[in-house]
Amino acid sequence: MSAEVTIAIDAMSGDEGPDVVVPAGIDYLNKNEASKLILVGDQSGLEALLCQHASHPRLSIEHAESVVTMADRPSFALRNKSDSSMAVALRLVAEGKADACVSAGNTGALMAMGRSILKMYPGIDRPAITKLFPSQGGGTFVLDLGANVDSTAEHLLQFALMGQLLAKVIKGVEEPRVALLNVGGEAIKGNVQVRLAASLIKECPAINYVGFAEGGDIFRAKADVLVCDGFVGNVALKSAEGASRILLEAMRDFFSSSWYRKLLGRLMLPLLKPAFKQLDPDNHNGAIFLGLQGVLVKSHGNASVEAFGRAIDIAGQEARADLVALINEHLDEVLL
């Protein structure tokens, strides 16, 4: 039987807030008997919304006075919104009352509060956001995806270390391959930051560095881990998701435009369903913050009920695997 985990959810953040979080949470609990959820936010509002759904005995509410908005600067949120749903949810993890936290809120504020409340691992300067991109080789971890829009070569080295350890734990690869995202594969390509990072990573004996990779290599399985700064990573992520949605919409339009195409679609659906599932960004929602002393998963702000449920599921998997402790143990061997 799976170990019981408790997940704190920032219920107020994101485009739809509780309207998405509450049904997603209840659906998750119905599928996961060894889990508890703590919804963090406006108690009266959450209780009223729960009355419209089938409440759950393993779901509780923790009141929070305010909400971090998408327009709040990280420094403002850190100084003035310690009573927000985001901050309270993170403190539940820091205090050991929850094993993981999920939020669809302001990424910059979430990073700042995560660093302040959960604390960083010694030797790691900044957290990085990562997720597993679907690829030919079973998936590629790309980091950073937006926690840091400006990263030094030293930060990229730290991302490479954490990403390799994550791939080792999650993918079960003994020596995960690490590459740097660049505008070309040649050694002379790229800006000063990327070329310096390549030198640092190449000189680190703990990293299995395989060189530069281009954007298309994310999906060709050239590496298990692809390292870049948050500005580049976020653009790559949003571009891939946008292209996937356009492709899915085009296929749906094609198979609904006439009666014989509808018939063809019904006949082909069993064959096409796995491909549709792989392409749909909602099935890959939920990005991991690495470098923090606690499990923190970031959902898209505009996630659907199903997509937010996927982010909760990732947080539960990480907590059960004790991912933070495993990565920290490996970092001890490398950094100390």
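This is a short walk through a predicted model, from its nonpolar core to an aromatic pair and then to a few unusual backbone spots.

Let's start inside. The largest nonpolar core has 103 residues. Within this core, the residues with the most contacts are Ile 7, Leu 90, Leu 180, Ile 207, Val 227 and Phe 308. If you want to know which element supplies the largest share, look at α6, which contributes 10 residues. As background, nonpolar side chains in soluble globular proteins tend to be buried together.

Phe 308 is a good residue to centre your viewer on. Leaving aside residues up to four places away in sequence, Phe 308 touches Ile 9, Val 20, Val 21, Ala 24, Val 102, Ala 104, Asn 285, Ser 299 and Ala 303.

Next, the aromatic rings. How many aromatic pairs does a search of the whole structure find? There is one. Its partners are Phe 133 and Phe 219, with ring centres 6.3 Å apart and planes at 55 degrees. Planes over 60 degrees apart would count as edge-to-face and those under 30 as stacked, so this pair is classed as tilted. The two rings bring together distant parts of the chain, 86 residues apart: Phe 133 belongs to strand β5, whereas Phe 219 sits in the loop between β8 (209-213) and β9 (225-227).

Are these two rings buried or exposed? Phe 133 has a relative accessible area of 5%, so it is buried, being under the 20% cut-off. Phe 219, at 35% relative accessibility, counts as partly exposed because that value lies between 20% and 50%.

Now for the backbone. Which two residues does a cis peptide bond join? Look at Leu 143 and Asp 144, where omega is about 10 degrees. Asp 144 lies in the loop between β6 (140-143) and α6 (153-170), and α6 is also the helix that gives the core its largest share.

Two further residues are worth a look for their phi angles. Lys 119 is not a glycine, yet its phi is positive, near 75 degrees. You will find Lys 119 in the loop between α5 (107-117) and β5 (128-133), and β5 is the strand that holds Phe 133 of the aromatic pair. With 49% relative accessibility, Lys 119 counts as partly exposed, because exposed means over 50%.

Asp 322 also has a positive phi, about 55 degrees, without being a glycine. This residue is in the loop between α10 (305-321) and α11 (323-335). At 46% relative accessibility, Asp 322 counts as partly exposed.

Definitions and conventions:
Residues are numbered from 1 along each chain as its sequence is written. This is a predicted model: local features need pLDDT of at least 70, side-chain atom pairs count only at pLDDT 80 or more; totals for chains, interfaces and linings use all residues. Side-chain values use heavy atoms; hydrogens and water are left out. Helices (H or I, at least four residues) and strands (E, at least two) are DSSP runs, numbered from the N terminus. Buried means under 20% relative accessible area, exposed over 50%, partly exposed in between (1.4 Å probe, protein chains only). Rings of Phe, Tyr and Trp (its six-membered ring) pair if their centres lie within 6.5 Å; planes under 30 degrees apart count as stacked, over 60 as edge-to-face and the rest as tilted. A nonpolar core is a set of buried Ala, Val, Leu, Ile, Met, Phe, Trp, Tyr and Cys residues joined through side-chain atoms within 4.5 Å. Contact means heavy atoms within 4.5 Å.
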